[in-house]
Amino acid sequence: MHLMELPREVLLGENLAGEAVNVAKRLKLGKKVLVLYGPKTRKIAGEEVEENLSQEFEASGVVVRGATMGEVGRVMGLARELKADWLIAVGGGSIIDVAKLASYRLKLPFISFPTTASHDGIASANASIKDLGSKTSVKARPPIAVIADVRVIKTAPYRYLAAGVGDIISNLTAVKDWQLAHRLKGEYYSEYAASLSLMSAKMVIKNADIIRLGNEESVRKVVKGLISSGVAMSIAGSSRPASGAEHLFSHALDMLLEKPALHGEQVGVGAIITAYLHGLKWERIRETLKKVGAPTTAYELGVEPEIVIKALTIAHTIRPERYTILGKDGLTWEAAEEAARITGVI
Ligand SMILES: [Zn+2]
């Protein structure tokens, strides 16, 4: 049996803080709701969402500080104490990830209300959580609904939107890795999921000139791509359509760096290099990233060239069961250095 869990409703528009009430009513969610937000996103939209919900539901709010197992545990405890029927996360990556994992473990539905469009976790089933110092991707469930308010997302620094493009364009290399694993290791492969994922990547390449403007139309384009990526992963039943060697490279950087760059920024640069390794037109990925103002070099990521090489050589060890172009043994230092040099990353 192959189970596909998808969001029931996706709302994309302006001034949607009040819409959570209608979505929750349509989906017949219970009376008690716990609203999660960060210290900043509380002001940006969190309080407004909570106030609106309070008119029809018993709403309580909690400030979440980072995507850690500690915070997941704290939110779960609070939700149990309040006998919450459902959760809503108003924030960027970490707040959504905490709500996603806490609600999954509590067997409660959750609504995703993203305040940035920087990665495809806003609609996916996987949560990226820090545990014992290192970040890991944990299986959870996708949100029951996604409410994407383009006005709210537009107020976030442009850098986040450009990072979202990086996460979407990395679908090109992720799908290549998936096909490779299918052919070499007999791994399950879904043509539907792969096509949907590739379509999102092609759309951002096509619309790079619109996205670079950073206006509401740009936000719409990127959000649609991120949601489609999330849906592709749900159809596949794994993160394969949107996560390959370029994601392993980014996880390696997260391990090696005190202060990593944004997820989408790192996977974008990773995609340039792994596209080269695959023999793909890596220049097209680099051009798109350049066009939208996303980093394409180690320097722009704020990372030393040696760290980029090191990350490339250890990336294959991070998730050994995920077969990619890096193979079982990974890249040698020399090969990694050459790939990074040829693609202009270092
Ligand atoms: Zn990603």
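## The zinc site

In this predicted model, a zinc ion is coordinated by Asp 167 through OD and by His 247 and His 263 through NE2, at 2.1 to 2.2 Å. Along the chain, these donors follow the spacing D-x79-H-x15-H. Two of the donors link distant parts of the chain: Asp 167 lies in helix H6 (residues 158-169) and His 247 in helix H11 (residues 245-256), 80 residues apart. Both Asp 167 and His 247 are buried.

## Helix H11

Helix H11, which carries the donor His 247, is mostly covered, with nine of its twelve residues buried. The buried residues are Ala 245, Glu 246, His 247, Leu 248, Phe 249, Ser 250, His 251, Ala 252 and Leu 253. They pack against five helices: H6, H7 (171-185), H12 (263-278), H14 (298-301) and H15 (305-314).

The length of H11 can be checked against its residue count. The expected span is 1.5 Å times one less than the number of residues. For the twelve residues of H11 this gives 16 Å, and the C-alpha atoms at its ends are 16 Å apart, so the two values agree.

## Strand S4 and its partners

Strand S4 covers residues 86-91, and six of its six residues are buried. In a regular strand the side chains alternate between the two faces of the sheet. In S4, Trp 86, Ile 88 and Val 90 point one way, while Leu 87, Ala 89 and Gly 91 point the other way.

S4 has a parallel pairing with strand S2 (residues 32-37), made over five bridges. Here Val 35 stands opposite Ile 88 of S4. S4 also pairs in the parallel sense with strand S5 (residues 110-114), again over five bridges. In S5, Ile 111 is the bridge partner of Ile 88, and Pro 114 is the bridge partner of Gly 91. Between S4 and S5 the chain passes through helix H4 (residues 93-106), and this β-α-β crossover is right-handed.

## Strand S5

Which residues of S5 cover each of its faces? Phe 110, Ser 112 and Pro 114 lie on one side, Ile 111 and Phe 113 lie on the other, and all are buried. Because five of the five residues of S5 are buried, the strand is largely enclosed by the rest of the structure.

S5 is also joined to strand S8 (residues 145-149) by two bridges, and these strands run parallel. Ser 112 of S5 stands opposite Val 146 in S8.

## The nonpolar cores

In soluble globular proteins, nonpolar side chains tend to be buried together. In this model, the largest nonpolar core has 80 residues, and the members that touch the most others are Leu 36, Leu 87 and Val 308. Helix H4 supplies the largest share of this core, with seven residues. A second, separate core has 26 residues, including Tyr 37, Phe 57, Trp 86 and Ala 145.

What is Val 308 in contact with, leaving aside its neighbours within four places in sequence? Val 308 is in contact with Phe 249, Ile 273, Ala 298, Val 303, Ala 340, Val 345 and Ile 346. Among these, Phe 249 is one of the buried residues of H11. On strand S4, Leu 87 and Trp 86 point opposite ways; Leu 87 is a member of the largest core, and Trp 86 is a member of the second core.

Key
Residues numbered from 1 in each chain as written. Predicted model: local features only at pLDDT ≥ 70, side-chain atom pairs only at ≥ 80, totals over all residues. Heavy atoms only, no water. Buried < 20%, exposed > 50% of the residue type's maximum accessible area, 1.4 Å probe, protein only. Helix = DSSP H or I, 4+ residues; strand = E, 2+ residues; numbered from the N terminus. Pairing = 2+ DSSP bridges. Right-handed = clockwise from strand over helix to strand, strands pointing away. Donors = N, O, S within 2.8 Å, 3.2 Å for Na, K, Ca; no water. Core = buried A, V, L, I, M, F, W, Y, C linked by side-chain atoms within 4.5 Å. Contact = heavy atoms within 4.5 Å.
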